[in-house]
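Me: I am new to this structure and should be grateful for a close look at a single part of it. Please begin with one side chain and its partner, and then place that detail within the chain.

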Amino acid sequence: NYLLYIGLFLLFGCTSGKQNTVIEELDATPAHIIRLDDYLQDRSDKGITLGRMADRLEYVPLQTPDSLPVDIPMSVKVAGESVFVLDRTQTLFRFDRNGRFINRIGNRGEGPEDYVGTVEMEVDDRQEIVYVFDIYRHKLLEYGWSGNFRGSRDFPESIVHVTLKGNGCFVGYQ
């Protein structure tokens, strides 16, 4: 039953006006590739230190107005010169790469442009869109990087997670 939903979603949810016979690959290169297999071979009780997994770490203190504090981050995405943080209170913030507050994106609420509850977001760097999946209303809301509402898409009730695969195509799963 769930495979049918996913299959139908992939068939109809990712279509465009032109016929494509080849699936387009994402051309984005991850900032860091962590190969856990390299570290799992050492099965000692020492654990895996972060220093063994990455060559470089950046600490960016977030600077928000006193009236808009950031709670515990639930999701962080970096796109271009922007850092997006979705916190435990389900507030979505945009910062620059130096941690300076730029704007808040969307609102938690009951209105048609609001999300009721979310713990997931995706960012499309090319189109400067932030996608927020409202798990309670089964909608994917689209916001521009400036925070303006751009539209929404409905999902079947069985979908509880959504992942951006590129070019506005999403995979929904349970």
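Reply: In this predicted model, Asp96 is buried, with a relative accessible area of 16%. This value counts as buried because the limit for that class is under 20%. The side chain of Asp96 meets that of Arg100 in a salt bridge, with 3.0 Å from N to O. Arg100 has a relative accessibility of 45% and is therefore classed as partly exposed. The pair thus joins a buried acidic residue to a partly exposed basic one. The separation of 3.0 Å satisfies the rule for a salt bridge, because that rule asks for a nitrogen of Lys or Arg within 4 Å of a carboxyl oxygen of Asp or Glu.

By this rule, the count of salt bridges comes to six, and two others may be set beside the pair just described. One of them links Asp134 and Arg137, whose closest N and O atoms are 3.1 Å apart. Here Asp134 is buried, at 0% relative accessibility, while Arg137 is partly exposed, at 26%. Another salt bridge connects the side chains of Asp154 and Lys139, at 2.5 Å from N to O. Asp154 belongs to strand β8 (residues 149–154) and Lys139 to strand β7 (residues 139–144), so this pair ties together parts that are 15 residues apart in sequence. In this case the acidic residue, Asp154, counts as exposed at 58% relative accessibility, whereas Lys139 counts as partly exposed at 21%.

From these pairs one may turn to a sheet of the model. Strands β1, β2, β3 and β4 form an open sheet in that order, with antiparallel pairing. Its edge strands are β1 (73–79) and β4 (101–105), each of which pairs on one side only. On average, neighbouring strands of this sheet are turned by 20° against each other, with direction ignored. In general, the strands of a sheet pair through backbone hydrogen bonds, in a parallel or an antiparallel manner. Strand β1 is joined to β2 (residues 82–87) by six bridges, and the two run antiparallel. Within this pairing, Pro73 stands opposite Asp87 in β2.

Strand β1 also contains Ser75, which counts as buried because its relative accessibility is 12%. Leaving aside residues up to four places away in sequence, Ser75 touches Phe84, Val85, Leu86, Val119 and Met121. One of these contacts, Val119, is found in the loop between β4 and β5 (120–124). In contrast to Ser75, which is buried, Val119 is partly exposed, with a relative accessible area of 47%. Val119 also takes part in a nonpolar patch on the surface together with Ile72 and Met74, and the accessible area of these residues comes to about 270 Å² together.

The setting for these details is a protein chain with three helices and ten strands. From the N terminus on, its elements run α-α-α-β-β-β-β-β-β-β-β-β-β. Of its 174 residues, 34% count as buried; Asp96, Asp134 and Ser75 are among the buried residues. Among contacts between residues at least 6 apart in sequence, 38% join residues at least 24 apart. The accessible surface of the chain comes to about 11,700 Å², and 51% of it belongs to carbon and sulfur atoms.

Technical notes. Residues numbered from 1 in each chain as written. Predicted model: local features only at pLDDT ≥ 70, side-chain atom pairs only at ≥ 80, totals over all residues. Heavy atoms only, no water. Pairing = 2+ DSSP bridges. Helix = DSSP H or I, 4+ residues; strand = E, 2+ residues; numbered from the N terminus. Axes fitted to C-alpha atoms, helices over the stretch in contact; angles between N-to-C directions. Buried < 20%, exposed > 50% of the residue type's maximum accessible area, 1.4 Å probe, protein only. Contact = heavy atoms within 4.5 Å. Patch = residues over 30% accessible without salt bridge, like charges linked within 9 Å, V, L, I, M, F, W, Y side chains within 5 Å. Areas by Shrake-Rupley, 256 points an atom, 1.4 Å probe, with all protein chains shown as cover.
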